[in-house]
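Dear colleague,

I am handing over the structure below, together with notes on what was found in it. Please read the notes alongside the coordinates.

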Amino acid sequence: MAFAGLKKQINKANQYVTEKMGGAEGTKLDLDFMEMERKTDVTVELVEELQAKTKEYLQPNPTARAKMAAVKGISKLSGQAKSNTYPQPEGILADCMLTYGKKLGEDSIFASALVEMGDSLKQMADVKYSLDDNIKQNFLEPLHQLQTKDLKEVMHHRKKLQGRRLDFDCKKRRQAKGSQITDDEIRSAEEKFAESLQLAQVGMYNLLENDVEQVSQLVTFAEGMLDYHSQCSEILKVLVETLNEKREEAAARPKSEFVPKTLADLNIEMLGSQDGMNASPLPSPMRSPARTPMPTKPTQPCCTALYDFEPENPGELGFKENDVITLIQRVDENWFEGSLNGRNGYFPQSYVQVTVPLPSN
């Protein structure tokens, strides 16, 4: 049986080569069928490209997309928890403004303005998370199902049709040359050819006539974007009004006269004064002042953390800002493997600054 199947595949291959190289005329299908094939091929390319570009729209950061594609289990199209998504840029900027707004103190109008803007950006990040979930569930998931089920089935029938057509033409040509091919064999090949032709036509027709569902998915995408931008617009309107009030408050605040303090005001004795000479004798020339030891530079490959990084998946290395991490190896253009306090793991390059690079080899 295995030999017979191999022989059959060889015959089909020979038939294909004969048509392509020898100019043999194969069974031609009508123009309508060829147009359906063309549109189906375009749909296959469209679905693949549309998924990639939509993910790029939702997460423009290439490092984020690389991470989500590399780590298994966090790239599910629907039901993706917020804790498993890459931080939105609005949220990262919000954290920065909130942190330094609180550090500056409550008596600063600029600090309170930073906090107000940070809170608004946090709200916008939450709205973006909702947009992500909506588009993944109602647009990307249907595209994924179309790609892995309907399109896959249609392309299977087309491939099978091509093989049965070649088999049918091969047997007809061999019988015409006097080979021992019976009419029953040709009739069986013709029936299988007709069956695959029927299935391929119906599959492509159903695929190409599904405009209502596919346009509905586009409507859902557009409505999601409209809702996202509408909510962001309302948040920004309130923010602008608040910041204008802060600006007016800062302009109306009376400015007190500032007089810089002198060294005398700070009770710091100057070297040129007599009291200073008596109170602070110069060190004896026989005794050298103590030298502050120079800090030693690290010799092994390492990097310094620019931001806090919380691990979200097994195998990742968490750290805090200013931690010094020993570099073990570069995983790819966006990720390192490193060691900190006896723990090994992976972390993104964008979160650190390399102090001593890895060897070039």
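Helices here are DSSP runs of H or I with at least four residues, strands are runs of E with at least two, and both are numbered from the N terminus. In those terms, I268 sits in the loop between α7 and α8 (274-279). Please keep in mind throughout that this is a predicted model.

On confidence, the mean pLDDT of the protein is 82, with 78% of its residues at 70 or more. Residues 72-83 stay under 50, and for them the model has 21 contacts beyond four places in sequence. The pLDDT is also below 50 over residues 279-290, a stretch that has 1 contact in the model beyond near neighbours in sequence.

Helix α2 covers residues 31-58, and because each residue should add 1.5 Å, its 28 residues should span 40 Å, which agrees with the 40 Å between its end C-alpha atoms. Its buried residues are F33, M36, T40, T43, V47, Q51, T54 and L58, and these pack against α5 (109-176), α6 (183-208) and α7 (211-252). As a general point, an α-helix has 3.6 residues a turn, so residues three or four places apart point the same way.

The salt bridges come to a count of 12. D95 and K122 meet at 2.7 Å, N to O; this pair links distant parts of the chain, with D95 in helix α4 (residues 89-104) and K122 in helix α5, 27 residues apart. D95 counts as partly exposed at 37% relative accessibility, and K122 counts as partly exposed at 33%. Within helix α5, K171 and D167 lie 4 residues apart, about one turn of the helix, and form a salt bridge whose closest N and O atoms are 3.6 Å apart; both residues are buried. K320 and E310 form another salt bridge, at 3.3 Å, N to O, and since both lie in the loop between β1 (302-305) and β2 (324-330), the pair ties together parts that are 10 residues apart in sequence. In addition, E37, D41 and R158 are linked in a network of salt bridges.

Returning to the loop between α7 and α8, I268 is partly exposed, with a relative accessible area of 42%, and makes a nonpolar surface patch of about 260 Å² with L263 and L266. N267, in that loop, has a positive phi near 60° and is exposed, at 71% relative accessible area. N341, in the loop between β3 (335-340) and β4 (343-348), likewise has a positive phi, near 55°, and is exposed at 70%.

With best regards

Technical notes. Residues are numbered from 1 along each chain as its sequence is written. This is a predicted model: local features need pLDDT of at least 70, side-chain atom pairs count only at pLDDT 80 or more; totals for chains, interfaces and linings use all residues. Side-chain values use heavy atoms; hydrogens and water are left out. The expected span of a helix is 1.5 Å times one less than its number of residues. Buried means under 20% relative accessible area, exposed over 50%, partly exposed in between (1.4 Å probe, protein chains only). Contact means heavy atoms within 4.5 Å. pLDDT is the predictor's confidence in each residue, from 0 to 100. Patches are made of residues with over 30% relative accessible area and no salt bridge: like charges are joined within 9 Å, nonpolar side chains (Val, Leu, Ile, Met, Phe, Trp, Tyr) within 5 Å. Accessible areas come from the Shrake-Rupley method with a 1.4 Å probe; for residues, only the protein chains shown count as cover. A salt bridge is a side-chain nitrogen of Lys or Arg within 4 Å of a carboxyl oxygen of Asp or Glu.
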